[in-house]
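Let's take a walk through this one together. Have the sequence and the model open side by side, and we'll go from a single residue out to the whole chain and back again.

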Amino acid sequence: MQFFPATEYQQNATELFEKYKSEILSLTPNAIVEHIGSSAIPHAISKGDLDIYIAVSYTHLRAH
């Protein structure tokens, strides 16, 4: 496993999160979307992956 310093991944991870958050909220406007994991912690080393937490209340789900 390889780890990267924040200078090598964090800016890109933040930009990707904002892009995905916007896309997720356009599909599920009542969702809670948060950037989590080491890429969300300033100056943290990381594997460079992006972790996103998405929560939707059961009252906003519809049966298919």
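Start with His43, which is exposed: its relative accessible area is 73%, and the cut-off for that label is over 50%. Bear in mind as you look that this is a predicted model. His43 sits in the loop between strand E1 (32–36) and strand E2 (51–55). Its backbone deserves a glance too, since phi of His43 is near 70 degrees, a positive value in a residue other than glycine. For background, most residues other than glycine have a negative phi.

Now zoom out to see where that loop belongs. The protein has 1 helix and 2 strands, and from the N terminus on they run α-β-β. The C-alpha atoms fill a box of roughly 45 × 20 × 20 Å along the principal axes. The radius of gyration is 14 Å, whereas a compact globule of 64 residues would come in near 11 Å. Of the 64 residues, 20% count as buried. The accessible surface adds up to about 4,900 Å², and carbon and sulfur atoms own 57% of that.

How do parts of the chain that are far apart in sequence meet? Among contacts with a separation of 6 or more, 56% are between residues 24 or more positions apart. Ile24 gives you a concrete case to look at. Ile24 lies in helix H1 (residues 6–27), and beyond its neighbours within four places in sequence it is in contact with Val33, Ile52 and Ile54. Take Ile54: its C-alpha atom is 8.6 Å from that of Ile24, although the two are 30 residues apart along the chain. Is Ile24 buried or exposed? Ile24 counts as buried because its relative accessibility is 18%, and the limit is under 20%.

Back to the loop between E1 and E2, where Ser39 is also found. Compare it with His43: Ser39 counts as buried, at 2% relative accessibility, while His43 is exposed. What does Ser39 touch, not counting residues up to four places away in sequence? The list is Tyr9, Gln10, Ala13, Ser46, Asp49, Leu50 and Asp51. For Leu50, the C-alpha separation from Ser39 is 6.4 Å, with their positions 11 residues apart along the chain.

Ile45 is another resident of the loop between E1 and E2. Here is a nonpolar residue that counts as exposed, because its relative accessibility is 57%. Ile45 still has company: leaving out residues up to four places away in sequence, it touches Phe3, Phe4, Pro5, Tyr9 and Ser38. Tyr9 is therefore a residue to click on, as it turns up in the contacts of Ser39 and of Ile45. For a sense of distance, try Ile45 and Glu23, which are 22 residues apart in sequence and 27 Å apart in space, C-alpha to C-alpha.

Last stop, the largest pocket, with a volume of about 160 Å³. Of the 10 residues that line it, the closest to its centre are Leu27, Thr28, Val56, His60 and Leu61. The lining as a whole divides into 5 nonpolar, 4 polar and 1 charged. One of those central residues, Leu27, falls at the end of the range given for helix H1 (residues 6–27), the helix that also holds Ile24.

Terms used. Residues are numbered from 1 along each chain as its sequence is written. This is a predicted model: local features need pLDDT of at least 70, side-chain atom pairs count only at pLDDT 80 or more; totals for chains, interfaces and linings use all residues. Side-chain values use heavy atoms; hydrogens and water are left out. On a 1 Å grid over the protein atoms alone, a cavity is a set of points where a 1.4 Å probe fits but cannot get out, and a pocket is an open set with protein on both sides within 12 Å along at least five of seven lines; lining residues have an atom within 4 Å of a point. Grid points are joined across faces, edges and corners, and a volume is the space filled by probe spheres set on the points. Helices (H or I, at least four residues) and strands (E, at least two) are DSSP runs, numbered from the N terminus. The radius of gyration is taken over C-alpha atoms; the globule rule is 2.2 Å times the number of residues to the power 0.38. Buried means under 20% relative accessible area, exposed over 50%, partly exposed in between (1.4 Å probe, protein chains only). Contact means heavy atoms within 4.5 Å. Accessible areas come from the Shrake-Rupley method with a 1.4 Å probe; for residues, only the protein chains shown count as cover.
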